[in-house]
Each structure stands twice: as C-alpha cells, then as structure tokens.
Amino acid sequence: MSNTFFHRLAYSCLLTAALSSTASAQAPAAACGGDFAAFLQGVKAEAVAKGIPAEAADRALEGAQIDQKVLSRDRAQGVFRQTFLEFSQRTVSQARLDIGRQKMKQYAEVFDRAQNEFGVAPGIITAFWAMETDFGSVQGDFNTRNALVTMAHDCRRPELFRPQLIALIEMVQHGDLNPATNTGAWAGEIGQVQMLPEDIIAHGVDGDGDGHINVKTSSPDAILTAAKFIQSMGFKAGQPWIQEVSLPENLPWEKSGLGNEIPASQWFSFGVTPRDGNTKFGDLPAALVLPQGRKGPAFLTYPNFNVYLQWNQSFIYTTSAAYFATRLSGAPTYQKGTPEPGLDDAGMKALQTKLEALGHDIGKVDGILGSGTRVAVQKEQARLGLPADGWPTQALLSAL
C-alpha cells in the first residue's frame, strides 16, 4: 500500500496535529487571500516579528507559488468506506511486519533511546512509520513550502496553515529544510512519520548527531522526534494502549464504545477475557471497542489509545495502527470472528436518514459510519431491544 496519508481522514489528522502543537497561534481573519505578493510580504513581516531573520524569510519564500493540485486535493478529500477487517488486513501485512521487525533491529539503539528518554515502545513508533510512509519510501511529492503557502493563502482554514508556514520558515533558518526541494504530503506534513512543521520545531530531536533535524532523510531523527511528539500527547510509559479480548455471549453491550470507559477489572468481571491473559491493568479505565460489532474482533482500549486519536481521528485508522503496534510487540493475529454483514452505501444513507428523522445528530447523510452514526445506532439498538454494539445491520434498518 502507498502512503496511508492519502487514504485516511486527512483533515482530521491535520486539525488534531495543528491544535496539539505547543506554539499554534490564530492567524488574523484578514491574513489570507488577496494579492499574492502582498500576502507573502505579510507572512515575512509576521516571521520577522517572531524573531526570524528577514534573510531566512526571503530564502524560504523565494519562488513560492500557489499549487492548484493542493487545492484540488483539499477539495476532494477521501473518506473511509472500508471496514476494520478490510483496512487492517491490508495495512498490517506480513511484509510490513517483517520489514518493521528488521527496522527495529537495524535501529535498536535508537529505539532503546526513544523508550528510555520518552517512554514510547519501539512497536508504536514503527507502526506509525509503516502506515504513514512505508518506512519512508512514500513521503509525498508536493513541494512543502508551496503546499503550505497555498493552504495559508486559501481562506478556508488559514488559522491552521499560516502558523505552519511560519514554522517552515524557522526550519529554513535552522538549515533543516530546503524550501525549493523539500517535498511531502499535500497538506504540509513532512518526513518519514509525516509531521507538521510546528510539531517538528517543538519536538524535533537530532538523532544522528549531525546538528540538524531532518525527519525526511534521517531515520534516527524521525524515530526520536516521533517518540517525543507521542510523549507530548500524554503517552504513559509502561501502560497498554489496546488489548485484544474474547467476549462471552452476553454483555451489557450498551456500555461498549469509545468514550464509555469503566475500570478494566469491571470488564473482566463481565467475562471479557484478554487473549494475552494480562489483567494487571485492571485499575485503568478501559473502553470495549467493537469495530464490526460483537461478533467481530474485540479490543479494550486504555488511556494511551487517546494518543492515537490525537494523531488521527479516524476510528478505523487508529484502531488498525494500535493493533499493528501490538503485533510488532509480539501479539498474535486477531481473531476475525464472524461479523454480521454491514450495510452498503445506499443502506447506510437510508439508515442515517432514518436516524436523523428520529432526532439523532449524525452529521451529514454521507454513507460513512462515523462516531455520530455509531452512537445513534447504539441508542436505537438499545431502544429496540437489540444487542447495542453500535454495528449497523440490515436487521436494524428493517426494524426502524
């Protein structure tokens, strides 16, 4: 699979990363659009006001231009229409697992440092490394400076992108980025784990000792920068992030789902059984997540899973990435189960239309099983006396 950035909810990731940056600032409402030369002068003035030399700003912005392909990609962002089984089986392939384990051996000293200094296990970083860029092999071919100039000049979300453009100028000042040649994702993410400039500035680590932070070409820099970034989002060393479980026939299914955390020990008392047999984290809050309902794969998610949701708000992506990390850390392949068939696009839209008519806030009627639709499905399942596992089926659609 190519760069998963293009297959995920790109705007959700961008929004999360931008809001999590320590230096993120609101750009003035008028700081977008209009004459392009005047816009660039305004960006330069803002950079200089922040203490960046004018020479660095000139060097960063020289030759900048609007990239229409960036605007086209932004207007046509893809959405997830795959199930967890479909997506995870493709992304967590044996080939990627093999390469990931080879990388973990190749950079063992760097991963040891990441764990010792930032408390982040090798499998977690390696899973993101694999899913974002296939270990650096597919990082995107958009000029990063032009991508950020384009998105900052565009008036849809300048408050997110203008600070990233200023941070890119700072990277140029430090000698960590060549604005004429650096390429990455269409929305400005850079490097082997696809991070935004502000986050690289805030959390960058020189892993290879060359005096620069280059997350694009230096794997040690990328690994340690990712580890520090993950730590900054609240990752707790030594705690689990996700744990596969087996389920009894009957559970209070209405308690399942992200956001419905109860002590893990309470799930264990209900008969939820960790496949690895580890129940020592029973005091931690845990949510029972059922990506394809009670008959499919089942996991307990712990507080560290929130880091995955900050990295990317797509439930399918984050659950797959977290599962990938457990595989790299020694866990077996999940039990697929026998999930009930879901709804096709037309069926999902019909269901969402009925849910909306019943007063549920499901967002847009778009055929996508987002969090709002899952919550509404679970509520209606409970009302109708069906197992409230949040998985939309033909039986639920018919019952409504």
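Aromatic pairs, then. A search of the whole structure, which is a predicted model, finds 14 of them. I will take two pairs that share a residue, and then a cluster.

The first pair is Phe84 with Tyr334. Their ring centres lie 5.4 Å apart and the planes make 40°, so the pair counts as tilted. Where do Phe84 and Tyr334 lie? Phe84 is in helix H5, residues 84-91. Tyr334 is in the loop between helix H15 (315-328) and helix H16 (345-357), so this pair ties together parts that are 250 residues apart in sequence. Are the two buried or exposed? Phe84 is buried, because its relative accessible area is 0% and the cut-off for buried is under 20%. Tyr334 is buried as well, with a relative accessible area of 6%.

Tyr334 also pairs with Tyr323. Here the ring centres are 4.6 Å apart and the planes are at 40°, so this pair is tilted too. Tyr323 sits in helix H15, while Tyr334 is in the loop between H15 and H16, so the parts tied together are eleven residues apart in sequence. Tyr323 is buried, at 4% relative accessible area.

Now the cluster. Ring pairs link five residues into it: Phe128, Phe229, Phe305, Tyr308 and Trp311.

Next, the sheet. Five strands form an open sheet, and their order is S4-S6-S7-S3-S5. The pairing is antiparallel. Which strands stand at the edges? They are S4 (262-263) and S5; each has a single partner strand, so one side of each is left without a neighbour in the sheet.

Helix H15, which carries Tyr323, packs on this sheet. H15 touches S3, S7 and strand S6 (285-289). The direction of H15 makes about 90° with that of S3.

Strand S3 deserves a slide of its own. S3 covers residues 242-246, and four of its five residues are buried, which makes the strand mostly covered. On one side, three bridges join S3 to strand S7, residues 299-301, and the two run antiparallel. One position to look at is Gln243, whose bridge partner in S7 is Leu300. S3 is also joined to strand S5, residues 273-274, by two bridges, again antiparallel. For Val245 the bridge partner in S5 is Pro274, and Ser246 stands opposite Thr273 in that strand.

Last, the disulfide. How many does a search of the whole structure find? One. The link is between Cys32 and Cys155, with the sulfur atoms 2.2 Å apart. The angle about the S-S bond is 110°, and the link is right-handed.

What does the disulfide tie together? Cys32 lies in the loop between helix H1 (10-20) and helix H2 (36-49). Cys155 lies in the loop between helix H9 (144-153) and helix H10 (158-173), so the parts joined are 123 residues apart in sequence.

The two cysteines fall into separate accessibility classes. Cys32 has a relative accessible area of 13%, under the 20% cut-off, and is therefore buried. Cys155 is at 46%, between 20% and 50%, so it is partly exposed.

To go back over the main points: Tyr334 pairs with Phe84 and with Tyr323, H15 packs on the sheet, and the one disulfide joins Cys32 to Cys155.

Note on methods: Residues are numbered from 1 along each chain as its sequence is written. This is a predicted model: local features need pLDDT of at least 70, side-chain atom pairs count only at pLDDT 80 or more; totals for chains, interfaces and linings use all residues. Side-chain values use heavy atoms; hydrogens and water are left out. A disulfide is a pair of cysteine sulfur atoms within 2.5 Å. Buried means under 20% relative accessible area, exposed over 50%, partly exposed in between (1.4 Å probe, protein chains only). Two strands pair if DSSP finds at least two bridges between them. Rings of Phe, Tyr and Trp (its six-membered ring) pair if their centres lie within 6.5 Å; planes under 30 degrees apart count as stacked, over 60 as edge-to-face and the rest as tilted. Contact means heavy atoms within 4.5 Å. Axes are lines fitted to C-alpha atoms, for helices over the stretch in contact, and angles run from 0 to 180 degrees between N-to-C directions.
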